[in-house]
Amino acid sequence: MSEFDRVLLVLRDHGIEPPLHMKMVVNSIVDDFRERSTEFKNSHRITGIIDELSDVAMAATKLGLLLKNIHRQTFDAMGGDWKHPGQLSPTELERIIDQSVLAGLSPDNEDRESVGLIKNIDDLANLAASSRKALEAAWKFRREDGKLDVGGQDTIFSRVEPHPKLMFARDCHYVLVEDLNVKVTGTPGGLFYDFVAAVYEYATGHDSEGKGAGLERYVKKVIKENR
C-alpha cells in the first residue's frame, strides 16, 4: 500500500468517500508544506545576519586601509622578482592590473577617496555597518523582551511566519471542512488527527508519531482556532 493510499484509507475508515480530485488536493498541501519547510530550514538567524554584516564591514574597512597604504614595494613582495610598475611597459602593466585602477589607488590622486575603488570599498564598509545597526535596532523593537535571538533559535522565518507544521494542519483542516464538508470538533483524536498524520507521512516518508514530529500540538492549536 502506498503512502497516498493510506490517506484514502483514513477517509474511508471514517465513512468518507474521497472525491476523484483528492490526490490533486493532497499534493497541493504537500507541495506547500515542503516549500515552507525548506524556507524554514534555510532561514537565517537574526544574530547570524548581524554577525555577517559586522564581518563584511570589518573586512571592507581593512581592505580600504590596505589599498590606501599600498606602495610600489608591494608588487615586489607579491611576486618576488616583479619589476616596479614604473619599470614595466604599458602593455606589461595592463596584464597585471588595469592602469586606471593603479592611478585611482595612487596617493598622488587627490580624489581617490571620493571616486573609484577606494570609495566603493569605503561605501561598502559604511553600508554594512549601518545596515547591521538598523537591523539590530529594528529586531529589538519587534521583541517585547528586547532580545535578538533567544537561545540561538530564532530565525527570520520563525519570527514572521507560523511554523510550517501549523500551516500544514490548517491546510488539512480546510480540506476536511471546506472540500469534504466534514465537521471537525472535539479533541485531537479521530478523523482530523488521523488525516493530518496520514498526509504528513505521505509528504515526508516519516512516521507521524516519530521523534520530533509533534503533530498533536499543531492539531490542538487548529482545533482551538476554529472553536
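Is Asn-181 buried or exposed? With a relative accessibility of 67%, Asn-181 counts as exposed, because the cut-off for that class is over 50%. We will come back to this residue after a walk through the rest of the chain, which is a predicted model.

Let us start with the overall layout. The chain has 11 helices and 0 strands, so reading from the N terminus you will meet one α element after another, under a definition that counts helices and strands as DSSP runs. Of the 227 residues in the chain, 33% are buried.

Before zooming in, it helps to know how far the model can be trusted. The mean pLDDT of the chain is 79, and 74% of the residues reach 70 or more. Confidence varies between the elements: helix α9 has the highest mean pLDDT, at 93, while helix α4, residues 73–79, has the lowest, at 49. Where pLDDT is low, the predicted coordinates should not be read in detail. Please keep that in mind when you look at helix α4, with its mean of 49.

Now to the charged side chains. Side chains of opposite charge can pair when their charged atoms come close. In this chain, the count comes to 6 salt bridges, and three of them make good stops on our tour.

One is found in helix α1, which spans residues 3–13. Here Glu-3 and Arg-6 form a salt bridge, with an N to O distance of 3.7 Å. Why can these two side chains be partners along the helix? Glu-3 and Arg-6 are 3 residues apart in helix α1, and therefore about one helical turn separates them. Both ends of the pair are partly exposed: Glu-3 has a relative accessible area of 31%, and Arg-6 has one of 38%.

A second pair sits in helix α11, residues 215–225. Lys-220 and Glu-216 form a salt bridge there, their closest N and O atoms being 3.7 Å apart. These two residues are 4 positions apart in the helix, again about one turn. Lys-220 is partly exposed at 44% relative accessibility, and Glu-216 is partly exposed at 42%.

The third pair takes us across the chain. Glu-225 forms a salt bridge with Arg-170, and the closest N and O atoms are 2.7 Å apart. This pair links distant parts of the chain, since Glu-225 belongs to helix α11 and Arg-170 to helix α9, 55 residues away. Glu-225 is partly exposed, with a relative accessible area of 41%, and Arg-170 is partly exposed as well, at 29%.

Some charges gather with others of their own sign. Which residues form the negative surface patch? The patch is made up of Asp-31, Asp-32, Glu-35, Glu-39 and Glu-161. Glu-161 comes from the loop between α8 (156–160) and α9 (164–179). Glu-161 is partly exposed, with a relative accessible area of 43%, and therefore passes the patch requirement of over 30%.

Next, consider contacts between residues far apart in sequence. Leu-53 lies in helix α3, residues 46–69, and is partly exposed, with a relative accessible area of 22%. Leu-53 and Arg-132 are 79 residues apart in sequence, yet their C-alpha atoms are 5.7 Å apart in space.

Ile-118 gives another example. This residue is in helix α7 and counts as buried at 1% relative accessibility, because the limit for burial is under 20%. From Ile-118 to Leu-66 there are 52 residues along the sequence and 9.8 Å in space, C-alpha to C-alpha.

Arg-112 belongs in this group too. You will find Arg-112 in the loop between α6 (99–105) and α7 (117–142). Although this residue is an arginine, its relative accessibility is 12%, which means that Arg-112 counts as buried. Arg-112 and Lys-68 are separated by 44 residues in sequence and by 8.6 Å between their C-alpha atoms.

Finally, back to Asn-181. This residue lies in the loop between α9 and α10 (191–204). Its backbone has a positive phi of about 55°, although Asn-181 is not a glycine. So the tour ends where it began, with a loop residue that counts as exposed at 67% relative accessibility.

Methods: Residues are numbered from 1 along each chain as its sequence is written. This is a predicted model: local features need pLDDT of at least 70, side-chain atom pairs count only at pLDDT 80 or more; totals for chains, interfaces and linings use all residues. Side-chain values use heavy atoms; hydrogens and water are left out. Patches are made of residues with over 30% relative accessible area and no salt bridge: like charges are joined within 9 Å, nonpolar side chains (Val, Leu, Ile, Met, Phe, Trp, Tyr) within 5 Å. Accessible areas come from the Shrake-Rupley method with a 1.4 Å probe; for residues, only the protein chains shown count as cover. A salt bridge is a side-chain nitrogen of Lys or Arg within 4 Å of a carboxyl oxygen of Asp or Glu. Lys and Arg count as positive and Asp and Glu as negative; His and the chain ends are not counted. The place of a charge is taken as NZ of Lys, CZ of Arg, CG of Asp or CD of Glu. Buried means under 20% relative accessible area, exposed over 50%, partly exposed in between (1.4 Å probe, protein chains only). pLDDT is the predictor's confidence in each residue, from 0 to 100.
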